[in-house]
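Subject: Structure handover

Hello,

Here is the structure I promised. Please open it before reading on.

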Amino acid sequence: MNNFSLKSIPKLAVIAAATVFFSCNLNTSPDKFFGVAVLNTNNITDFGTDRLAKYIQLTTKEFADRPETKKKGDEAVTFVNNKVLILEKVLKDVKDLPENDDTKEIKDLSLSIYEYIIPVYKNEYMAYAKLCDAKGSEEQKQQIIQDVEKKYVPAFEEKFSLLLDKGKAYAQKHDLNVKWD
């Protein structure tokens, strides 16, 4: 009978295995890094747009002749909450990316974008969603959307544009198959 125990594995082998296991996370491929830090931003391209506002409002839409469209009254808030959860997950994933001379600037830009917009979703977009669910006044809803556009969109667009520029250069440098439309 073979009596196997962890004590029978030489300490050097355990150290080597642990080093390989933990270094896998440090050796993120350029493709994976690009996907997390740059490509994931496709879920925020509608930030500060009428398209996002309309979508949030549409989550509350009911049709009298279609009973299956009857809403509970929290659909817009649920949508924004789910969006925040997604954005926070991406932020965590970006934070977990390795950093070196080649990736630091892109990682920092990506982090700054998510850290910039998440509070807007939690505050302004949540207030907007609550008004949508409560069938609040169009004037109040429009004011929130206009405030987001004036207060946050210019800086967002600047950060986003810079990230895309740096991302394009990174993709080209690493021969990543990326099509920019």
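Below are notes on two helix pairs and a pocket.

This is a predicted model, in which local features need pLDDT of at least 70, side-chain atom pairs count only at pLDDT 80 or more, and totals for chains, interfaces and linings use all residues. Residues are numbered from 1 along each chain as its sequence is written, and side-chain values use heavy atoms, without hydrogens or water.

Helix α2 (residues 30-37) packs on helix α7 (residues 153-173) at about 165°, with axes 11 Å apart. Helices are DSSP runs (H or I, at least four residues), numbered from the N terminus. Axes are lines fitted to C-alpha atoms over the stretch in contact, and angles run from 0 to 180 degrees between N-to-C directions. The two helices α2 and α7 are therefore roughly antiparallel (over 145 degrees). Pro30, Phe33, Phe34 and Ala37 of α2 touch Leu163, Gly167, Tyr170 and Ala171 of α7 (contact: heavy atoms within 4.5 Å).

Helix α3 (residues 50-58) and helix α5 (residues 104-133) cross at roughly 45°, their axes coming within 9 Å. That makes α3 oblique to α5 (an angle not under 35, not over 145 and not 65 to 115 degrees). On the α3 side are Leu52, Ala53, Ile56 and Gln57; α5 brings Tyr121, Tyr125, Tyr128, Ala129 and Cys132.

Now the largest pocket (an open set of points on a 1 Å grid where a 1.4 Å probe fits, with protein on both sides within 12 Å along at least five of seven lines; lining residues have an atom within 4 Å of a point). Its lining has 13 residues, with Leu39, Thr41, Phe160, Leu164 and Trp180 nearest the centre. Helix α7 gives the largest share of that lining, three residues.

Best wishes
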